[in-house]
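Hi,

Here is the structure I promised to pass on. My notes on what turned up follow straight after it.

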Amino acid sequence: MTTTRPELGFERLLAALGRDMLDASDEEILAVANELGQKPGMKGSIALLGVTFAWRLKDQPKGSARPTKEASSGAGATGRSRRRPKGDAPSSD
Amino acid sequence: MKSDFDLKNWPETIERIHKTPAGRALDVKLVTEADLLRLKAIARLHARGLPQPVDWSDLLQEAFTRVLEGSRRQPAGVPVVAFLAEVMRSIKEQYWRQCRRGARQLPKLLAELGVLDFQEGELTDPAPSPERRAIAIEQVKAINRLFEDDLQAKQIISALCEGSTPEETCATYAMSRTDYDSTRKRIRRAMIRAGLRSPEL
């Protein structure tokens with residue numbers, strides 16, 4: 001096999017895995033959620049944390065983050081002041 | 001209504017924010033809950049290729065924002081979930097382009113991002129970047145760690161990085177097509193699980 005630049009190889013891998021996820025049935029997705037103890041049909045389910053609802057720190061020190069505008073138009077609003085719970089880093093497994 | 005986790009245990013310093021763009025899309029039935037879970041897993045996948053200031057939720061919400069506001073129009077015949085997944089991928093690529101121009105702050109980035117044409121499935125060759133290369137190497141290792149005891153999964157992951165076809169992969173690793181297909185299913189299941197896992201609150 002040829003040797004591929006890591007960043008290109010990684011993008012190829014993400015593209016293939018992303019297609020796999022698009023091909024998965026709803027039943028498979030929901031079954032995995034169920035295995036994890038998540039009930040996405042329930043109001044405020046942890047399965048939809050960061051999806052249909054987010055979070056922010058209260059009483060942040062001045063200048064540490066911008067206030068979040070509820071129901072603002074995008075991640076630029078929901079993402080800037082929201083803080084990721086411990087262990088929810090995108091790079092973790 | 002009961003929930004699958006206890007909101008009373010949230011630290012008092014954390015306040016819930018309702019009605020994200022994805023939540024509004026669910027309200028107007030643009031997507032279903034299963035769609036949202038699928039997109040969450042895909043967002044987490046793409047977020048692996050981004051540095052810490054940007055997380056999967058940023059990608060997801062920004063994609064929904066663009067679609068809801070009409071700055072990205074869904075082409076006829078393209079399912080909404082596939083379209084949103086592609087929007088997330090293009091946002092990621094835009095992020096790296098902005099980084100190369102020195103605009104590293106997400107708020108500024110989000111304000112400056114332009115509109116790109118939808119090009120489903122097109123994989124661009126990332127420009128060389130030490131940071132991006134380091135993330136790629138680390139994340140391929142992280143994905144491989146999910147399959148510590150699964151040699152065939154690691155072989156297929158390596159083959160996917162090389163861009164090999166299923167036939168080439170089977171020939172290279174003396175793998176039957178049945179084994180290849182069943183291993184791809186294991187990989188898919190594990191990646192969905194990784195994408196849906198709960199944060200440690």
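Helix H3 (residues 56–69) of chain B has 14 residues, which should span 20 Å at 1.5 Å a residue, and its end C-alpha atoms are indeed 20 Å apart. The expected span is 1.5 Å times one less than the number of residues, and helices are DSSP runs (H or I, at least four residues) numbered from the N terminus.

Please bear in mind that this is a predicted model, where local features need pLDDT of at least 70, side-chain atom pairs count only at pLDDT 80 or more, and totals for chains, interfaces and linings use all residues. Residues are numbered from 1 along each chain as its sequence is written, while chains are lettered from A and ligands numbered from 1 in the order in which they are written.

H3(B) is largely enclosed by the rest of the structure, because twelve of its 14 residues are buried (20 or more other C-beta atoms within 10 Å of a residue's own, with C-beta atoms placed from the backbone). Among them are Trp56(B), Leu59(B), Leu60(B), Ala63(B) and Arg66(B). Just after H3(B), Gly70(B) takes a positive phi of about 85°.

The largest nonpolar core (buried Ala, Val, Leu, Ile, Met, Phe, Trp, Tyr and Cys residues joined through C-beta atoms within 7 Å) has 54 residues. Leu59(B), Leu60(B), Ala63(B) and Met88(B) have the most contacts inside this core. Helix H2 (residues 33–47) of chain B gives the most to it, with eight residues.

Leaving aside residues up to four places away in sequence, Leu59(B) touches several residues, including Ala43(B), Val54(B), Met88(B) and Ile91(B) (contact means C-beta atoms, placed from the backbone, within 7 Å).

Best wishes

Terms used. Helices (H or I, at least four residues) and strands (E, at least two) are DSSP runs, numbered from the N terminus. Two residues are in contact if their C-beta atoms, placed from the backbone, lie within 7 Å.
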